[in-house]
Structures are given as C-alpha cells and as structure tokens.
Amino acid sequence: MNRLVSFRSKSRIGTTPCSSSFYARLLGSSIDASRTRSTANASDSLATVSRCSSLVPARTLTGSSLFGSRNGSSARLSNLTGHGGSQGVARRFCSDAAAERESMEYDVVIVGAGPAGLSAAIRLKQLCGEKGVDLSVCVVEKGAEVGAHIISGNVFEPRALDELLPEWEKEEAPISVSVSSDKFWFLTKDRAFSLPSPFDNKNNYVISLSQLVRWMGSKAEEYGVEIYPGFAASEILCDDNGSVIGIGTNDMGVAKNGSKKENFQRGVALKGVSLAFSGNKMIQCCFMRAIKLAGRVTLFAEGCRGSLSEKIIKKYHLREKRNAQHQTYALGIKEVWEIDESKHQPGAVIHTLGWPLDQKTYGGSFLYHMSERQVAIGLVVALNYKNPYLSPYEEFQKLKHHPAIKPILEDGTVIQYGARTLNEGGIQSVPYPVFPGGAIIGCSAGFLNVPKIKGTHTAMKSGMRYLLHVLAITVFVLLSGIPASSSFCINEYKKKESQNVRSKELSIKSFLCFCNCPGMLAAEAAFGTLLEGSNLDSYWTTLQNSWVWEELHKARNYRPAFDHGFIPGMAISAVEHYLFRGKSPFTLKHGKPDHEATNVARSHSPIEYPKPDGVLSFDVPTSLHRSNTNHDHDQPAHLKLRDPEMPTQVNLPEYDGPESRYCPARVYEYVPEESGQLKLQINAQNCLHCKACDIKDPKQNIEWTVPEGGGGPGYSVM
Amino acid sequence: FDQEKKIKNRESFSFWIPSQSNVCCPFKLTLSSLIVARVEHLSPPAKMKIMVAVKRVIDYAVKIRVKPDKSGVETQNVKMSMNPFCEIALEEALRIKEAGLASEVVAVTIGPKQSIDTLRTGLAMGADRGIHVEATGDLFPLAVAKLFKALVEIEKPGLIILGKQAIDNDCNQTGQMVAGLLGWPQGTFASKVVLDKEKQEVMVDREVDGGLETVCLNLPAVITTDLRLNQPRYATLPNIMKAKSKPVKKYTPEELNVGTKSDLEVVEITEPPKRKAGVLVSSVDELIDKLRNEAHVI
C-alpha cells in the first residue's frame with residue numbers, strides 16, 4: 001500500500017521558504033549551481049528556471065520534493081522516476097516526456113473554475129471555518145480568467161446559491177433580473193404558436209453565468225481559495241495503486257512541431273495531499289517520508305465532456321459501475337445582443353420548439369432578456385441528429401430571421417458569440433461519480449435537468465455535497481494521535497456511517513477533542529481502506545438522498561421520449577408532466593450514442609443555407625471574432641486524430657465531412673491539395689472548446705485535448 | 001562618472017599620504033589602495049537597479065466596443081492584462097538581471113486599484129519588488145512621465161525599460177517624455193539590447209523606418225522595447241504563489257508632488273467608419289463618372 005506522503009505546516013500553502021530549504025537540503029546537490037546564482041534565497045532554488053536560451057539550458061526542477069532525500073544525490077531528471085523504499089511513485093496516467101515536473105501540494109485540487117468547482121471550493125473553506133481546521137484548496141482553470149470559458153443560457157434557480165452563500169444579494173452578486181414573463185412558442189417557417197409553458201420560472205433570475213462565476217471566483221478568493229486561471233490540467237497523476245493523486249498542468253511554450261521554444265515551461269504537478277495536523281515542524285519532518293496519506297482529493301469540474309473526466313470515467317469504468325447508459329449531448333450556440341430600449345423587457349423568457357429544426361431533430365431555442373438592454377439568444381441542437389448535412393450554426397442564423405424573433409433583434413448589435421455542448425442524458429447517464437482519489441462533479445458527471453433546461457444549480461449542489469465527506473475523512477485522519485483514540489475513531493465512524501450527514505457533522509465535533517500529537521503512524525494503517533470505502537459510498541448515498549437526485553429523477557423521461565420522434569415525444573412529455581408528474585413507473589432509455597446516430601451522406605441531400613446578411617445573420621469568422629477566441633498560434637494542434645487517414649477515408653466519402661458543418665468555429669475544413677484531393681485542415685486556433693467534435697465524430701476519431709492554458713474563448717457576458 | 005571619481009580619490013589619496021612624511025605611510029598607502037581597489041571591484045557590478053513600467057490594458061484578444069455615449073471604450077466586464085510591450089520590457093530586464101548585470105528589477109504601475117493584478121503578474125514573472133501609484137481617471141503620457149520621474153528620484157535606478165507604446169492608446173510618448181524630463185539618453189524601439197557594465201553603457205539596436213540603427217547610450221538610460229526584442233516568459237504556478245508575498249509599495253500622486261491634471265481632454269470616441277462594399281463598374285466611362293461625382297477625387 002504505497003502511497004505518497006507529505007507534510008506541510010498548517011498555516012502555509014505550497015512551498016514555504018522554510019520547507020523549501022528543507023527540501024533543498026534533502027535534494028542535496030541535485031540543483032544546478034548555475035541556477036541558484038540568479039536567485040539568492042533557498043525558496044527560489046526550487047523555482048522553475050527561465051527559458052532564456054542565452055542562459056542556462058531550460059530545465060525544470062526535480063519534482064521530488066515529496067520523495068525525500070533517498071535519491072537526492074542522484075536526482076538527475078531522468079532518474080527521478082524510481083524512488084526507494086516504501087514510498088509510492090508518481091506514475092503518469094499517460095506517460096510522457098522524461099522530464100519531471102515541479103510539484104505543489106494541496107489538500108484539495110479542483111480542476112475547473114465553474115459553478116461546480118467554485119461551489120466545492122467555497123463550501124470546503126466554509127466547513128474549514130466551522131470546524132476550525134485549515135485545508136488548502138487550489139482551483140486550476142484553463143481559461144485566461146475565471147469566467148472566460150463559461151457560457152450558458154441562463155435562467156438561474158438560486159436554490160443552491162441560497163445554501164452556499166445566503167447573503168448573495170447583499171454581497172452584490174450579479175443576479176438582479178428576475179423572470180417577468182415565461183413564453184413557450186412552437187415555430188413554423190412563418191408563424192409562432194403560443195403553447196402553455198411547461199416551465200415554472202417564477203422565482204428564478206435571468207443572469208449571465210459568466211459574470212456570476214466571476215463573482216463566485218472573487219468570493220472564493222476571499223475565503224482563501226487559490227485560483228489559478230491560465231493553467232490547463234492536461235494529465236492525471238496516479239500512484240502505484242492506481243488512485244489519482246493529482247493533476248499535471250500543460251507544458252507551455254511548445255512549438256507546433258513539438259520542439260521547445262525559447263520560453264518553454266514544463267507543467268506543474270498539483271497534488272491533492274491530505275495535510276498533517278499542525279504540530280511542531282520537527283515531527284512533520286520526521287514523518288514526511290514515512291507517513292502515508294489518506295484522503296487525497298482531486299475533483300474534476302471540467303464541464304460537459306471534460307477531457308480528463310472522460311479519461312477517468314473510462315479508466316475506472318464508472319458508467320459500468322452503476323449500469324448507467326452513455327451520455328447524450330446537445331450543442332448550444334448563443335449570441336448576446338444589445339437591442340433597442342423600446343424592445344427590451346427585462347426578465348422576459350421565451351423558449352421555442354419546431355422551426356428551423358425538423359421533426360427528427362430534437363432541439364429548441366431560447367431568448368432571454370437580461371439587464372442593460374442585453375438579450376441572450378441561442379439555439380440548442382441535440383447531437384444525435386441524423387442528417388450529416390445539418391449545420392447547427394446555420395440553423396441558428398436561420399432562426400434569427402423568423403418573423404417573431406427578427407423584430408426583437410432589429411437595430412441591435414451583437415456583443416458576443418459562443419458555443420458549448422451540454423448534457424442531455426439525465427439520471428440514466430450519470431456515471432458513478434467517485435473514484436479512488438477524488439470525484440467528478442458538475443456537468444462532467446452530467447446533472448443537467450433537461451426539461452427544466454437548467455444545470456447550474458444541480459452542478460453547484462453536487463460540488464457542495466462532496467466536500468462534507470472529504471472534510472469528515474480528512475479530519476478523522478488528523479485526529480488520531482494515539483492508537484487508542486484511532487480505534488475509537490474507527491468504531492465511532494463505523495457506527496455513524498449508516499446515518500445521515502448531519503450526525504456525521506456532530507461526530508466530528510466530538511472527535512475534535514481527541515486531537516493531540518500528530519502521530520499519524522498508527523492512523524493510516526487502520527484508516528486506509530476504511531476511509532476509502534466509506535468515502536466512495538457516502539458521497540454516492542448522500543447525492544442520491546439530496547434534492548439533486550429527486551429533481552433529476554422526476555425529469556428523466558422527457559428527453560428519451562423524443563428519440564421516437566417529435567409527436568410521440570410531445571405526447572409522452574405531456575403525459576409525464578400532467579399525469580404522472582414525474583412519478584412514472586417506467587424509465588425510458590436513450591437510443592444510439594450521438595456519434596452512431598449520424599446517417600451516411602447518400603441517404604440525405606445537402607441543405608442549402610441562406611447567405612448571411614451581415615445584419616441579423618453572420619458568417620462564422622465574424623461571429624468567431626466576437627467570441628474573443630485566441631490561442632497562441634505556435635503550439636501543437638490540440639485536436640488530435642487517432643487515425644490521421646480516417647477523415648479522408650471515412651468521414652469525407654461516407655459522411656461528407658460533417659465536422660466541417662457541426663463545428664461552430666470552422667476549425668475543420670476540407671481544402672484541396674495540389675493534387676486536387678481534399679484534405680482535412682484543422683484550424684485549432686479557432687477552437688471554442690465546445691467539445692462537439694469529440695462527441696459527434698462518427699468514428700470517434702477526433703480527440704479533444706486541452707491546449708496551452710490561457711487560450712480559448714473570452715466570454716464576459718455569456 | 002563614479003568610477004572616475006573613485007580613481008581621482010585614490011590618486012589624491014596616494015599623493016596626500018606622503019606629505020605627512022610618516023615612515024609607515026608608504027605601507028599604509030599600498031594597503032589602503034589595495035582595499036579601495038578591492039571594494040571598487042566588488043561593488044559596482046551588483047548594484048544596478050532596473051525599473052520597468054507595466055500598464056494594465058484591455059487584453060489584446062478582446063473585441064473592443066465603444067460605449068454608447070461615446071465617452072470611451074467599454075471596460076466593464078472586459079478582460080484586462082499586461083500590455084504586451086511591457087511584458088517584453090520586463091522580460092528584457094529579467095534577462096539582464098539573470099546575466100548578473102543588475103541586482104534588482106522593480107516593476108512600476110500607475111493606475112487604478114485593480115492595476116495591482118498586473119503588478120502581481122509582473123512579480124510572478126520574476127520582478128523583485130513592485131511599486132503601485134494609485135491614480136484614477138485617464139492619465140495622459142505627460143502625467144505618467146512626471147510620476148515616473150518622481151519615482152526615479154526615490155529609487156535611483158540605473159536603467160529604465162518601458163514598452164514602446166500601450167495598446168489601448170498607442171501614444172508612444174511616455175518613454176521619450178521620461179527621458180526628456182530626466183535628461184537621460186534614450187534608445188527607443190529596441191530590438192536588441194546589450195549592456196556593458198564595465199564601460200557603463202548600453203548598445204541598443206533600434207528598429208527605424210530605414211532599417212536598424214545602433215546607438216550607444218551612457219547609463220543611466222531609458223529604453224523602450226519593440227516587438228522583436230524577446231519572447232516573454234510564462235509566469236509559472238509556483239512563481240505566482242511566491243509573488244503574493246513580494247513587497248509592493250503604494251504611492252499616490254499627491255505624495256509624489258505631481259499634478260496629474262491634463263491639458264488634453266478627450267471629446268469623443270467613435271468607431272472607425274464601416275468599410276463600404278466594393279462596387280463593380282462595367283465600363284471606363286462609369287468609372288470616371290464615379291470617381292468624379294461620387295468619390296470626388298478627379
């Protein structure tokens with residue numbers, strides 16, 4: 001049971017000067033003398049060196065701060081993978097270059113600063129405050145700033161926020177426009193028929209989720225959460241047992257051909273490591289090597305089809321664990337307009353069905369009036385559409401010309417554009433969210449309530465739920481001083497395990513009095529498997545007991561009903577909504593996975609889309625410019641083809657290159673080469689990080705990996 | 001100048017001692033001259049401070065919108081980051097420091113309260129200290145240059161590096177004004193900077209309209225950086241964390257005795273006129289007609 005271990009003083013996070021000097025001593029002569037020349041103090045000796053080509057060659061520091069001095073003297077870069085003794089070795093989930101990374105330790109590492117990730121971080125810090133413990137929390141975000149990659153409708157149900165930050169109104173959260181009217185239209189080419197609205201948005205608000213997340217980010221920082229935007233988590237780090245110990249950020253400064261540029265920067269390993277109870281430093285140092293840890297936590301809150309989350313789900317077979325179905329998705333394309341004052345009705349909410357989508361394609365549009373004359377309009381198209389010639393982007397442009405929608409947008413200007421996929425699988429597709437070393441929260445697991453078309457509140461709640469248990473476990477680890485108390489702890493915990501959360505909280509309080517000296521030796525052996533076992537089950541149990549599950553359970557049949565067609569779908573939905581009210585005895589299953597649903601091109605004919613008029617509808621480059629998307633040009637393409645020949649051999653002849661149509665950013669283009677043959681060109685720089693290609697490619701050939709941190713769209717009012 | 005002074009002192013010292021006609025003096029002389037020589041050798045190379053100006057501007061990738069009342073550009077809810085030319089300036093300063101030719105890099109920013117974020121980014125890249133002059137409202141280059149001069153009198157750097165211009169106003173004036181106010185030599189649009197510590201001068205390759213011009217400046221000097229000078233480094237996670245504890249000194253314009261009221265006033269900001277679609281003409285006569293009557297160019 002080799003596991004990683006680390007001790008830190010309670011008050012400081014990460015590499016403190018004192019601990020760094022300790023590490024430096026441990027590492028001994030492994031640090032190049034010429035590197036320390038430029039920095040005076042010991043803490044800097046662990047700093048990653050600059051990439052000046054004129055100075056010392058680019059090299060990262062040995063990431064062995066965790067592993068002590070066993071191999072200190074021989075700690076050259078390439079030798080770092082083997083470490084002696086009973087300690088675990090940080091093995092790469094996807095093995096990569098030999099160069100080790102510098103590592104930073106936190107108690108909890110959260111990937112993604114979205115509603116779920118930030119809720120988890122804030123809740124954790126709140127619990128820390130309540131119990132008087134201190135846990136370090138780190139949130140990494142691939143966007144250039146918090147909120148840059150957040151896009152959503154959004155009609156917000158403040159249920160979860162009320163639980164998390166009840167004073168949100170006083171603290172000037174950007175939630176001000178309450179829903180004033182709720183309309184539901186069925187559109188045909190020329191007309192709009194009003195239908196009874198199935199939604200109940202009475203106490204909800206029309207917001208910009210990007211702004212709300214930015215506000216939550218500042219709140220999280222007030223609580224002491226460390227948020228690092230501009231750093232993309234690209235690798236999952238595991239130990240010998242296969243449990244996740246943390247993530248590694250992307251290498252930055254890699255040129256297109258893979259070589260290192262002048263400003264190459266190796267990624268950093270962020271390890272979720274449980275902290276030792278604060279005691280005197282000497283004991284910490286002694287135990288640093290010997291003690292194994294319990295309760296390391298890495299949370300993945302990457303949003304729908306998160307790249308690392310998908311890897312985790314595959315690796316730990318999380319869908320099979322609870323016999324969940326595959327996830328189904330939809331692509332949402334959205335624009336924010338600034339319209340005429342006279343046409344603006346703050347809080348007006350309109351949803352539509354029907355045109356421009358045909359009967360076989362599930363989807364609909366939304367139009368929400370926000371504050372300051374801004375209007376959010378978008379189209380959501382389910383990605384199990386059959387016609388490979390369908391272009392969701394062009395359908396959206398068509399929608400804006402509808403006689404019921406056109407008058408609202410006339411004389412307005414577009415402020416921003418964006419696109420993102422969202423989950424539509426509901427409860428049937430939620431995987432088992434816990435794996436050894438952490439959990440998946442938010443849309444990465446898929447808690448969106450499809451008929452309500454709201455996923456923000458469930459994502460936030462899922463983040464909050466997990467943390468209660470993380471804290472419980474971590475605190476237990478801390479508390480055991482002497483073996484006697486540890487066995488007492490175990491018994492008490494076992495007793496309380498079957499009870500609900502509230503009692504667990506109370507039991508924590510009673511155990512706190514047992515904390516004395518931080519002798520962890522006895523604790524870990526006893527707690528090891530116990531904690532892991534209870535960790536997994538308890539989160540799952542409480543999730544299923546919470547209102548998230550209740551809500552998703554009621555909503556489970558609406559979306560699968562539409563797999564049978566539009567009319568059956570509406571009929572079943574009506575029955576569900578008015579007759580059974582969510583208590584129906586059956587659970588419908590999803591049809592084929594989205595990528596398998598595409599028919600071959602010869603069974604359909606190309607759709608002739610109208611040319612953009614530059615006033616209401618626009619071409620892709622113009623829209624893309626409005627999304628503030630940018631990536632560093634000179635980096636390897638982050639969209640990888642598992643089989644480079646497949647586009648020209650399968651996608652093009654059989655499906656007529658659907659990726660050139662469903663991608664809302666025109667990343668994929670078939671351009672003729674000199675020989676006249678069409679070849680796939682990937683304009684990775686345009687990527688909006690929507691993940692549609694990862695989902696919809698017929699042979700699942702395209703793999704979306706994360707580009708250099710800081711790139712991607714720059715949403716501010718989405 | 002300092003070195004000359006020191007040499008003069010030494011010489012005068014050597015001439016002064018023998019006049020006291022002390023037997024031990026020659027011995028003292030050699031020892032003291034040795035010590036002086038020693039001290040001289042150790043102190044100058046490490047002492048130079050570099051001051052770098054950084055500005056918080058709207059991120060270059062963001063699509064700019066003009067405010068409806070035409071008073072300015074929309075800066076609410078818009079991503080801000082460090083001016084790219086300032087990043088290049090900071091990178092150059094850090095390289096000079098890492099080459100051992102300077103002892104300290106001080107990053108300076110003048111702006112509202114949120115400018116501290118830009119300063120932290122600078123500190124994360126590797127600057128040692130930060131100075132934040134908190135000034136609200138639109139600051140024009142002359143006010144910025146005056147504030148800079150006041151700071152230079154406090155900090156006494158040996159070299160000042162700025163970006164050639166800020167991407168929000170494209171003025172390209174601050175660096176030159178700072179040099180003028182201080183009376184220091186300037187090397188603007190630098191695409192290569194080579195510092196010579198012994199001779200206390202710096203060779204700067206300037207990108208000018210006709211090509212590249214190399215100038216040699218005596219220190220202390222002002223350099224403004226152009227795009228091709230270097231490739232700025234990324235701020236790493238550990239450095240960002242360390243930057244939180246690096247010292248930042250705050251000033252206000254009042255403390256520095258500088259008036260920031262400007263003689264310039266922005267009257268209106270409008271978007272450039274939308275490009276009109278081109279027109280295909282069918283004959284030469286039509287072309288002449290259009291050129292004469294519509295475009296009024298002939």
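**Exercise 1. Identify the residues that form the salt bridge between chain B and chain A, and say how many such bridges the interface holds.**

Solution.
- Start with the pair: Arg65(B) and Glu338(A) join their side chains in a salt bridge, with 3.5 Å from N to O.
- Check the distance: the rule asks for a side-chain nitrogen of Lys or Arg within 4 Å of a carboxyl oxygen of Asp or Glu. The 3.5 Å of this pair is the N to O value to test.
- Count: the rule finds one salt bridge across the interface of chain B and chain A.
- Keep the source in mind: this model is predicted.

**Exercise 2. Describe the side of chain B that touches chain A: which helices contribute, and what kinds of residue are there?**

Solution.
- Begin with polar contacts: three residue pairs, both residues at pLDDT 80 or more, are found across the interface of chain B and chain A.
- Turn to the helices: H3 (84–98) and H7 (237–243) of chain B each give at least two residues to this side.
- Rank them: H7(B) provides the largest share, six residues.
- Sort by type: the side of chain B that touches chain A has 12 nonpolar, nine charged and five polar residues.

**Exercise 3. State how many residues each chain brings to the contact and how much area is buried.**

Solution.
- Residues: chain A brings 42 and chain B brings 26.
- Area: about 2900 Å² is buried between the two chains, with 59% from carbon and sulfur atoms.
- Main contributors: Tyr234(B), Leu237(B) and Met241(B) supply 26% of the area that chain B buries against chain A, more than any other three residues.

**Exercise 4. Locate the assigned domains of chain A and give the distance between their C-alpha centres.**

Solution.
- Bounds: domain 1 of chain A covers 558–588, and domain 2 covers 623–704.
- Distance: the C-alpha centres of these domains of chain A are 36 Å apart.

Conventions:
Residues are numbered from 1 along each chain as its sequence is written. Chains are lettered from A and ligands numbered from 1 in the order in which they are written. This is a predicted model: local features need pLDDT of at least 70, side-chain atom pairs count only at pLDDT 80 or more; totals for chains, interfaces and linings use all residues. Side-chain values use heavy atoms; hydrogens and water are left out. Domain bounds come from an automatic or database domain assignment. Contact means heavy atoms within 4.5 Å. Buried area is the accessible area (1.4 Å probe) that two parts lose on being put together, summed over both. A polar contact is a pair of N or O atoms within 3.5 Å; within protein, one must be able to donate a hydrogen and the other to accept it, and residues adjacent in sequence count only if both atoms are side-chain atoms. Helices (H or I, at least four residues) and strands (E, at least two) are DSSP runs, numbered from the N terminus. Ala, Val, Leu, Ile, Met, Phe, Trp, Tyr, Cys and Pro count as nonpolar, Asp, Glu, Lys and Arg as charged, and the others, Gly among them, as polar.
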